[in-house]
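Let's take a walk through this fold, strand by strand, and finish at its main pocket. Have your viewer open and follow along.

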Amino acid sequence: MKITEVRVFPVEGGGRLKAYATLVFDNAFIVRDLKIILGDSGLFVSMPSRRRKDGTFRDIVHPLNSDMRTELEQQVVGEYNKIAEQ
């Protein structure tokens, strides 16, 4: 499964939240509402999540291995950096 499209939507005045992102896989499957967050060691991507009854959050979708997480973060943060430079 390959990431075929990355769209980034910057957030102004969001504090540590810098943008939302949407990914398209194989031109056939879309995942919305990933968050690009400025953490203590730089930007990272937070997966879409839902609040549970006990107040904790659980990811709705997430990569199953570190290689996919690395590829996903590189593409999303890379696209964010392109937009931020403009």
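What follows goes from the sheet to the helix and then to the pocket. One thing to keep in mind: this is a predicted model.

Start with the sheet. There are four strands in it, the sheet is open, and reading across you get β1-β2-β3-β4, paired antiparallel. The two edge positions go to β1 (3-10) and β4 (42-46); each has a single partner strand, so one side of each has no neighbour in the sheet. Ignoring direction, neighbouring strands here are turned by 25° against each other on average. If you want the chemistry behind the pairing, strands of a sheet are held in register by backbone hydrogen bonds, in either a parallel or an antiparallel sense.

Now zoom in on the first hairpin. β1 and β2 run antiparallel and are joined by seven bridges. For a landmark, look at P10, which sits opposite A19 in β2. Six residues lie between the two strands of this hairpin, and G13 there has a positive phi near 70°.

Carry on along β2 and you come to the next hairpin. β2 and β3 are also an antiparallel pair, with seven bridges. Two facing pairs help you get oriented: L17 is opposite I37 in β3, and Y20 is opposite K35 in β3. The connection has three residues between the strands, and D26 takes a positive phi near 50°.

So how enclosed is β2? Seven of its nine residues are buried, so the rest of the structure largely encloses this strand.

Next, bring in the helix. α1 lies across β1, β2, β3 and β4, and its direction makes an angle of about 45° with β1.

That brings us to the pocket. The largest one has a volume of about 220 Å³. Which elements supply at least two residues each of its lining? They are β2 (17-25), β3 (29-39) and α1 (66-85), with β3 giving the largest share at three residues. To see the lining in your viewer, select M1, L23, F25, F29, V31, L34, M47, V61, H62, P63, M68 and L72. In terms of character, the lining splits into 11 nonpolar residues, one polar and no charged.

To put the pieces back together: the helix α1 lies across the four strands, and both α1 and the strands β2 and β3 help line the largest pocket.

Conventions
Residues are numbered from 1 along each chain as its sequence is written. This is a predicted model: local features need pLDDT of at least 70, side-chain atom pairs count only at pLDDT 80 or more; totals for chains, interfaces and linings use all residues. Side-chain values use heavy atoms; hydrogens and water are left out. On a 1 Å grid over the protein atoms alone, a cavity is a set of points where a 1.4 Å probe fits but cannot get out, and a pocket is an open set with protein on both sides within 12 Å along at least five of seven lines; lining residues have an atom within 4 Å of a point. Grid points are joined across faces, edges and corners, and a volume is the space filled by probe spheres set on the points. Ala, Val, Leu, Ile, Met, Phe, Trp, Tyr, Cys and Pro count as nonpolar, Asp, Glu, Lys and Arg as charged, and the others, Gly among them, as polar. Two strands pair if DSSP finds at least two bridges between them. Axes are lines fitted to C-alpha atoms, for helices over the stretch in contact, and angles run from 0 to 180 degrees between N-to-C directions. Contact means heavy atoms within 4.5 Å. Buried means under 20% relative accessible area, exposed over 50%, partly exposed in between (1.4 Å probe, protein chains only).
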